[in-house]
Amino acid sequence: MIPVLRFPERNKVPDFNTFSSLLRITAKYELPNVRSQLLEVIHDAYPDTFEGLAPSKSLGEGIFSGSTPHPNAVLNLFVQQKLTSALPMAYYMASRRGLDSLMDRRLPQSATLSPEILQSAIRGFVTLREMELKETHRLIFGSRTSRPCSSSKCPSLKAAGPRVSEAHLKVFDQITDSSQPGTKVLQVLSLGDICGDDCHGFCNICAEGWEVDHGEVRKKVWTALPDVFGLKG
Ligand SMILES: [Zn+2]
């Protein structure tokens, strides 16, 4: 009889090396019960639906006990193990740190990406960064008439002039610069964290409106991930 393999502790995800070994063993020796337990953990941290991305949840490589693995190592494991539904998120987690992280030559072999994976990841990163700039531009400079401002001092109320553009531009720059050298396009937008309490003079209603609308941007980008990383078909 096959001994029942369990996580060291209930509800506790093992460290990445142990987790990887378990995953490989369950494939090699056909242990579907243990494997489905491991896949559940992955499915939770690397969701395949937008709803699975709940901001309060611990996602990605942060779920493993011990030292956090490099996202490239996680991506390699998922590709080897053909965990198709987790791949868009795993590619995103590796790419969001930017090109230097994807191409880092000092990483151990387990975290070094093959030319094929690297190509998909770089292409995907460039596309995501373009989407981030384009969508943020639309968000900040696009016409917003649905939400009235509460403050008479808010730059968005004044007639369009050089001052207004400057305030808008500052917000735009801060959102997009905060992502360098990677991308934060899937992260929940918090203008308070990015531009401080006064947000270049914009009222709370404007700031909150941008934060809410940014949810649509996240959704759009999330839906595009399989395409962006060439995982379709
Ligand atoms: Zn306002």
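**Exercise 1. Describe how helix H6 packs against helix H9.**

*Solution.*
Step 1. The axes of helix H6 (residues 115-141) and helix H9 (residues 204-228) come within 10 Å and cross at roughly 155°. These values come from a predicted model.

Step 2. Angles over 145 degrees count as roughly antiparallel. H6 is therefore roughly antiparallel to H9.

Step 3. The crossing of H6 past H9 is right-handed.

Step 4. On the H6 side, the residues that meet H9 include Gly 124, Thr 127, Leu 128 and Met 131. Their counterparts in H9 include Trp 210, Asp 213, His 214 and Val 217.

Step 5. Sorted by character, the residues of this contact comprise 10 nonpolar, three polar and four charged.

**Exercise 2. Determine the relative direction of helices H1 and H3, and state which residues bring them into contact.**

*Solution.*
Step 1. Two packed helices are described by the angle between their axes and the distance between the axes.

Step 2. For helix H1 (residues 16-28) and helix H3 (residues 71-80), the angle is about 5° and the axes are 11 Å apart.

Step 3. Angles under 35 degrees count as roughly parallel. H1 and H3 are therefore roughly parallel to each other.

Step 4. H1 contributes Phe 16, Ser 20, Leu 23 and Arg 24 to the contact, and H3 contributes Ala 73, Val 74, Leu 77 and Gln 80.

Step 5. Of the residues in this contact, five are nonpolar, two are polar and one is charged.

**Exercise 3. State which elements make up the chain and how much of the chain is buried.**

*Solution.*
Step 1. The protein chain contains nine helices and zero strands. Read from the N terminus, its elements run α-α-α-α-α-α-α-α-α.

Step 2. The chain has 233 residues, of which 44% are buried.

Step 3. Consider contacts between residues at least 6 apart in sequence: 72% of them join residues at least 24 apart.

**Exercise 4. Establish how helix H4 is covered and what it gives to the largest nonpolar core.**

*Solution.*
Step 1. Helix H4 (residues 87-95) is mostly covered, since nine of its nine residues are buried. Among them are Leu 87, Met 89, Tyr 91 and Tyr 92.

Step 2. The buried residues of H4 pack against helix H2 (32-45), H3, helix H5 (99-103), H6 and H9.

Step 3. The largest nonpolar core has 49 residues, and Phe 19, Tyr 92 and Leu 128 are among those with the most contacts inside it. At least two residues of this core come from each of H1, H2, H3, H4, H6 and H9. H4 gives the most, with seven residues.

Step 4. A second, separate core has 17 residues, including Ile 140, Cys 195, Phe 202 and Cys 206.

**Exercise 5. Decide whether Ala 86 is buried or exposed, and name its contacts.**

*Solution.*
Step 1. Ala 86 lies in the loop between H3 and H4.

Step 2. Buried means under 20% relative accessible area. Ala 86 has 3% relative accessibility and therefore counts as buried.

Step 3. Ala 86 and Tyr 46 are 40 residues apart along the chain, and their C-alpha atoms are separated by 5.2 Å.

Step 4. Not counting residues up to four places away in sequence, Ala 86 touches Ile 42, Tyr 46 and Phe 78.

Conventions:
Residues are numbered from 1 along each chain as its sequence is written. This is a predicted model: local features need pLDDT of at least 70, side-chain atom pairs count only at pLDDT 80 or more; totals for chains, interfaces and linings use all residues. Side-chain values use heavy atoms; hydrogens and water are left out. Axes are lines fitted to C-alpha atoms, for helices over the stretch in contact, and angles run from 0 to 180 degrees between N-to-C directions. Helices (H or I, at least four residues) and strands (E, at least two) are DSSP runs, numbered from the N terminus. Angles under 35 degrees count as roughly parallel, over 145 as roughly antiparallel, 65 to 115 as roughly perpendicular and the rest as oblique. Contact means heavy atoms within 4.5 Å. Ala, Val, Leu, Ile, Met, Phe, Trp, Tyr, Cys and Pro count as nonpolar, Asp, Glu, Lys and Arg as charged, and the others, Gly among them, as polar. A crossing is left-handed if the near helix is turned anticlockwise from the far one by less than a right angle, and right-handed if clockwise. Buried means under 20% relative accessible area, exposed over 50%, partly exposed in between (1.4 Å probe, protein chains only). A nonpolar core is a set of buried Ala, Val, Leu, Ile, Met, Phe, Trp, Tyr and Cys residues joined through side-chain atoms within 4.5 Å.
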